[in-house]
Structures are given as C-alpha cells and as structure tokens.
Amino acid sequence: MYKLATFIVDKRNLIFLLWIFLLIFCVFVSGWVKVENDITSYLPETTETRRGLTIMDEEFTTYGSASVMISNITYDEAEKIAEDIEAIDGVSEAAFDNTEDHYKNSAAMFSVTFDGEEDEQISIDAMNEIKEMLSGLDVSISSTVGSDSSAQLAAEMQTVTAIAAIIILLVLLFTSKAYAEIPVLICTFGAAALANMGTNFLLGTISFISNSVTIVLQLALAIDYAIILIHRYSEEHEHLDCREACITALSKAIPEISSSSLTTISGLIALAFMQFKIGSDLAMVLIKAILLSLLSVFTLMPGLIMVFSKLIDKTVHKNFVPKISAVGKFAFATKYVIPPVFVGLVCVAFVFSSKCPYCYGTTDLETTRHSEQQLAEQKIKDNFGSSNLAALIVPSGDYESEGKLIRKLESYSEVDSCLGLANIEAMDGYVLTDALTPRQFSELVELDYEVAKVLYAAYAVNDENYGEVVNGLESYSVPLIDMFLFTYDEVDKGYVTLDDELMDTLEELHTTLDKAMLQLRSDNYSRILVYLNLPEEGEETFDFLATIHEEAAKYYSDDVYLVGNSTSDYDLSSSFVTDNLIISILSALFVIIILLFTFKSAGLPVLLIAVIQGSIWMNFSFPYLQNTSLFFLSYLIVNSIQMGANIDYAIVISSRYMELKQEMSIKDAITETLNQAFPTIITSGAILAAAGILIGQLSSDGTISSIGVCLGRGTIMSIVLVMGVLPQILILGDTIIEKTSFTIKKRERTQISGGKIAVTGIVHGYVNGRIDAVVNGIIVGEVDAKIESRNFEELPENINDTGIGDNEKEEVRK
C-alpha cells in the first residue's frame, strides 16, 4: 500500500491529466444516457402486466387523450368550446354532453382524443393549441400528451442538489479542521459525480428513479471516504511533511475506506436480487457511483491535497465540534436501563411496521410539493371523480364470444361500462360485430340487393368459403364491420360503384372503423376496455380482477391478459413479499459476514445488526401511526440503504470502543469513544439525513418523494440509536462479545524487565519510548508493556542481537 500510495502522490500530474480527459469525455457523453419513465417496464417478463403491455405495444394503437375541465362556465358556452376543440387539427373527438360525467357544479369536462399517439407531434401540437385557446379560462388539464415529467423531475433534483450542496458546505465548515479542506472535498466529489453521470450510458437505459436520486445519494453515501482521508492526512501531518503525510495517510486509508464501503455496497447488492428489476437498476447505478467515488478519493484527492497543502496549513481553525462527555457518562449510568427499554420499543416497532399500509401505485401518493399536472388531476378528481380503466386482451375472431363476455361484465355492479367492437353501435341498432345477411345489409345501407349479393359472393370467394356461393347467399351472414371494410376495399379498387351519398357515408364510416380497428382489434387479439368504479388498488379491486379472469376463461381457454394500473399494482404486490424477504435476509447476511471478518466476533455483529434493524422497524412504524400509505418501493430501497450505510455509524463506535477499553476503564472508554466518533457520525449522518429530507420535501414525484422521506427519517433514527442506545448495549454485552470471539487467544502478560528480550508478537507499552507495534526481533533495554505474544523469552547476556549465541552459530548454519 505504501508503494501504491507513493506512486499516486508522485504521479499526481499524470493522474490530473487522466481525470481531465475522463471528465471532458463524460460531459460530452452525458447526453447519450437514456431514461425510462415507465416503472412498469421493470416488471418481470413473466408477469401478466408486462406480457399484456408488450402485446398492446405490438398489436394496437393507443391514441393520445386528455381530460380537460373548465370551471365556472355555462353549458351553452361549454358546447361551443367542445366544437372549437374538435375543429383543431390533430383532435379526433372532444366528447361532451349534458350528463354528470361531463357537466357538473358549473364545470365542464371534455374527453379529448387526438389523431396520434401521445408522443407524436400531431398530438403535441394539438394539445398546445388547446392550451392556447383556453388560456384565459379556469382550466385544468390532465394528460400525458406534451407533458415532460422527466424534465420537471430533473429541474427539481437540480434544486435539491443545490440546496444539499449548501447544507454540506455548512456541515463541512463546522466539522473540518481547516477551511482549505473544503475545496479539496468538493472537487473530489464533483469529479466522482460527473464521472458517474457520464458513464451511465454504459448501462444502456436507466430508470427515472436512478437518474434523479443518484447524485444526491452518491454525495450522502460516499462523502465519508473523502473525510476519512483528509482527517488521516491531518493526523499524519502533525509529525510528517506534506508528501510523507499524504503517502502515509493514503496507504492507511485505502484499506480502511475500502472496508467501510463494503457494507454500503453489500446493501445495494441485495437490491439487485429483487424480482422487480428497478432494484437492480438502482443498485447498478449506485454501486458504480460508490466505486467511482472510491477511485476519485484514492487517485485524485491525494494530488489535490498536495496542491492545497500550504493553504490547508494556513487555514487551520479551532475545532467547532463540541465534546459530548455528558452523553458518555449518561450511557454508562443507564447501561442497565436503556437496553431493556430499547428491546421493548423494538418489539412494539416490529408489530407496527408489520402493519404498515403499503401501496403499489403512485396515483394516491401524497407529496409535500405538487406539480401543475398533479394539481389539475386533483381538481378534476374532486369534481368528477376518478376513473379506473383496465384493458382486457382476448384472441380475435370470435365476435359472438366477445359480445357475450362484454354483456356479462357489464352486468356486474363494479363495472361502469365496457367498450369493444362487439358493443359499438354502427347503424340502426346494429353493433359492428353483428352478422347480417345480404338482404339485411342492403336494407341497412340502402344498397341494391343484387349489388349486395355480388359483394357477399366476392367476400365468400375472398374468404375461400365457396360452399356459401354454391348453396346460395340468402342465409349467408357476415359481421357488419368485415362487410363494411370489404366493401370499401372493393370500391377503392374500382370493382364496385356507389352513388355519391352512399359513398360519403362509406368514407365517413371507414374512417371511424379504421380507428376502431387500430385500437380494438389486430390480426391476433381484440381489446376490450373495462371501466371500473373501484379504487385503483385494494383487496376488493384485486378480487374483482380475478372475477374478470374467471368470466373470460368461460369463452377463451388461453391468451387472455388484463392490463391496467390495477393489474400492475397487483403484480407489484405479488412480488413485494418475495422481494422484501430477499432484501431483508441478504442485506443483513452480507453485513454480518463483513462484520464477522472485521471484528472476529460472532456476538458483536448481532448486536450491531439489532440496533440498525431496530431503527428500520421504528422508521416504518410511522406510516402506520400516521395512517398514511407507504409506497412499497420506498420500503425496499430504504431498507437496504439504511442497513448497508447506517451500519457504518455503529462500526465506528464499536471499533473505537474495542480499542479504547484495552487502555482505560469502561466508563472512560465509552466516553472517549463517543467524543471521537461524534464528529464522523454527525458529519455523515447530517448529510445523508439532509439529502433525504430535501428529496422528500422538494420532489413532486410520489416515488422519489417517498424514498426521500423514509431515508431522511431512517437516518436520523439510526444516529439517535447509535449514539443513545448502542453504547449501553456494548457495555452490557461486553461478556457476550468476548465469549463469542473466534480469534486465537494469545498469551497476554505485563512485563517489567530489562536486558535482552526476544519478542514475536504485539507489544503495547514503553521500550525506551512509546511502542505499539508488531515486533519480531530483540529488544535491548527496559520494557514496561502489555505483550500479546506468540513467543516471549528473556535471553541471557551471551546472546547477541541476532538472538543466537556464539556457540550455536555453527549449528544453526548446518
């Protein structure tokens, strides 16, 4: 490590150059990063929602739509506006009538359908024209057309990052030892953050969650590494020059920081095992962020320290962090009181957190900050209520079964209405899928009967149904929609000629049918839109989804899919139980394994995990106590981050306590431990908590905001428990820690002696000056030390400094 550190410090100009090239490259490629805003795209491929959405994307066209509400308007004025909206180029329909679905409490609701899909320019231009036309009115618009949620979220995160940077600056001013340390820390982190953002393109596409919160979480999770190195440098610089201090500090910090990062990375690795692939997406981005932060600290920061070394020396200030000896004394005095109280609180928190009201959709999530879109949606919901739409996908071709299924579904009180080809009225009471004979078709469209028979004969031949032609066409029936489309094709080819009036009717009908076919039928599937009067999620809703499947199974044996927000929520709820179990077990298991190797004790890791797990249960008791829904993804993500990152606070206290108790009394050791650990914990904890709180308060996205709230609250709880409960547990559990240690017990003795002493082991004490080192050799002089030694022996004076007597040299040589 010393050789590696020497190379890094001495070759700092080369490393600066490499980092400059990397950062310039990252600036240019940051635009290559693709962001996925649809959270359902991360559902497992085996889920019904994912398979159904894939079919819908491949087989059907979904036109853009908008709900436009105008408040304080008369019905006559609203009718005129509906006509004006429909006249806009790119608008297919602006549905409006005198029912309560469209006019209520002096407010008009227009259900607008566009000629293109939501991301097509024709729809976006039409939406912009609608907004311009209605700009002077009290209008609320709910639509994904022309709505750039990712841009809005990015702007919010920029605000969060800016405020977080100010808070971090204040925290560093308070906890640093020299003012010039701050630009070193900021440059180090800024380089790591920019490198992470630029290299995201290597992952292909990342989620909007990862794209939004990574920079803030990277700052909060990885700032510790830079602080550890700068503090190491300050300590070494007390007795070494700048270069030697930097090399020594880096050689010592690399193993320490790497070990510290393992717990955080292990918690993120647990996320990658989720069935819901948003976990692996966030894990990959954050793990990459931490690794790049380590690279920045290990390679870039030493050179920056050398550049700013003189300024650091000139700007040293007094320590602003107060001593908290009173907390240590309180911990010792309450060692028999706090642990039992903690156990009781943890048990209660476990019960409350197990009753946490999870939600799996973002529609009803409450956020402190609301976007214009959210305000408009809430206003529409308050006046006209909310709609819950599900798309039922069934094999196409069997219009009779489709009609029966639609009528059966509409008989349920949970269904407001259904829309499919089998219940869309065409003309004179006939629906599009009704089968008509030549006589009925000719009467319906006022077409000459002989011409109708010719059309039916041509249809039968085209359909290779020659028997109908031979046996007579009088009883031959064809679905109305198929006959209309066939007739239009025949006219278009010039095989059939119609009068102008009938041709106009056919042209108008064909336009309507063409759009209906694109939305509701493909070569392989038909789509039935089911409008439910049920909430988006809940036991009643999920049970009725099963009922829909049961009804569809009576007419179709397979290839039936139900797609919508409710089915997506159901799929997410189904995977949550497994994902929660996986994350809880793996994050705890990974951390325990790391702690076992760190402390070489089976008992201590259990005590540390118990404290952090207690803080997690307390954190997620709040939604139950506040009777507010918690987004399931927030629980999964924060659970792993809280276990992986906050455990570092417990490690800091435990490590220092285990060292100090060897040199002083238990009371003094725990007091000094808290004094030494407090600056590190308050720096890291304050930054992570502030980042979480800012995200929770300033993001209008329900998913992002929920993650921030839980992360900020959980970090504060972890700090409180680590500082206020863990010390008492360590004191009380000291016997458990010692008895569960699996290190090889070394012979310990206190030796006061003089002369020549052969030692191979660890020496704590004084040998002509202070010594605390691994010794392998001969000590000449007085020894007053505690020796943990594999070998200890007082030697006679005739033994030379090599430890071998003159008479034995020849024997040793042989």
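This section describes selected helices, helix pairs and individual residues of a predicted model.

Helix 13, which comprises residues 372–384, was examined for its length, its burial and its surroundings. With 13 residues at 1.5 Å a residue, helix 13 should span 18 Å, and the distance of 18 Å between its end C-alpha atoms agrees with this expectation. The buried residues of helix 13 include A376, I380, N383 and F384. These residues cover an arc of only 75 degrees around the axis, and they are therefore placed on the same side of helix 13. The cover over the buried residues of helix 13 includes four strands, namely strand 2 (63–71), strand 4 (103–104), strand 5 (107–117) and strand 6 (139–142). On the face of helix 13 that is turned away from the buried side, the exposed residues L375 and D382 are found. The residue that follows helix 13 is G385, for which phi is positive, near 80 degrees.

Helix 15 shows a related arrangement of its buried residues, which are P438, F441, S442, L444 and V445. Viewed down the axis of helix 15, these buried residues fall within an arc of 165 degrees, so they line one face of the helix. The partners against which the buried residues of helix 15 pack are strand 11 (425–427), strand 12 (430–431), strand 13 (435–436), helix 16 (449–462), helix 18 and helix 19 (500–520). Helix 15 is followed by E446, a residue whose phi is positive, near 55 degrees.

Two helix pairs were then considered in terms of their packing geometry. Two packed helices are described by the angle between their axes and the distance between the axes. For helix 15 (residues 438–445) and helix 18 (residues 480–493), the axes come within 12 Å and cross at roughly 70 degrees. Because angles of 65 to 115 degrees count as roughly perpendicular, helix 15 and helix 18 are assigned to that class. The crossing of helix 15 and helix 18 is right-handed, and the contact is made by F441, L444 and V445 on the side of helix 15 and by L480, M483, F484 and T487 on the side of helix 18. Of the residues of helix 15 in this contact, F441, L444 and V445 also appear among the buried residues of that helix.

In the second pair, helix 22 (residues 603–619) packs with helix 24 (residues 632–660) at an angle of about 140 degrees, and their axes are 9 Å apart. That angle makes helix 22 oblique to helix 24, since roughly antiparallel is reserved for angles over 145 degrees. The crossing of helix 22 and helix 24 is right-handed. Helix 22 contributes L604, L608, I609, I612, Q613, S615, I616 and N619 to the contact, and these residues meet V638, N639, Q642, M643, N646, I647, A650, I651, S654 and M658 in helix 24.

Individual positions within helices were also examined. S568 belongs to helix 21 (residues 565–599) and is buried, with a relative accessible area of 6%. When residues up to four places away in sequence are not counted, S568 touches T40, L43 and T49. S309, which lies in helix 10 (residues 278–314), likewise counts as buried at 6% relative accessibility. Its contacts, leaving aside neighbours within four places in sequence, are with Y233 and C242. E77, by contrast, is found in helix 4 (residues 75–86) and is partly exposed, with a relative accessible area of 44%. The C-alpha atom of E77 is separated by 54 Å from that of N580, a residue 503 places apart from E77 along the chain.

Positive phi values were also found in loops. D559, which is not a glycine, has a positive phi near 55 degrees. D559 is situated in the loop between helix 20 (539–553) and strand 16 (561–564), where its relative accessible area of 36% makes D559 partly exposed. N627, again a residue other than glycine, has a positive phi of about 55 degrees. The loop that holds N627 runs between helix 23 (622–626) and strand 17 (630–631). At 68% relative accessibility, N627 counts as exposed, because the cut-off for that class is a relative accessible area over 50%.

Note on methods
Residues are numbered from 1 along each chain as its sequence is written. This is a predicted model: local features need pLDDT of at least 70, side-chain atom pairs count only at pLDDT 80 or more; totals for chains, interfaces and linings use all residues. Side-chain values use heavy atoms; hydrogens and water are left out. Helices (H or I, at least four residues) and strands (E, at least two) are DSSP runs, numbered from the N terminus. The expected span of a helix is 1.5 Å times one less than its number of residues. Buried means under 20% relative accessible area, exposed over 50%, partly exposed in between (1.4 Å probe, protein chains only). The arc is that of the directions from the helix axis to the C-beta atoms. Contact means heavy atoms within 4.5 Å. Axes are lines fitted to C-alpha atoms, for helices over the stretch in contact, and angles run from 0 to 180 degrees between N-to-C directions. Angles under 35 degrees count as roughly parallel, over 145 as roughly antiparallel, 65 to 115 as roughly perpendicular and the rest as oblique. A crossing is left-handed if the near helix is turned anticlockwise from the far one by less than a right angle, and right-handed if clockwise.
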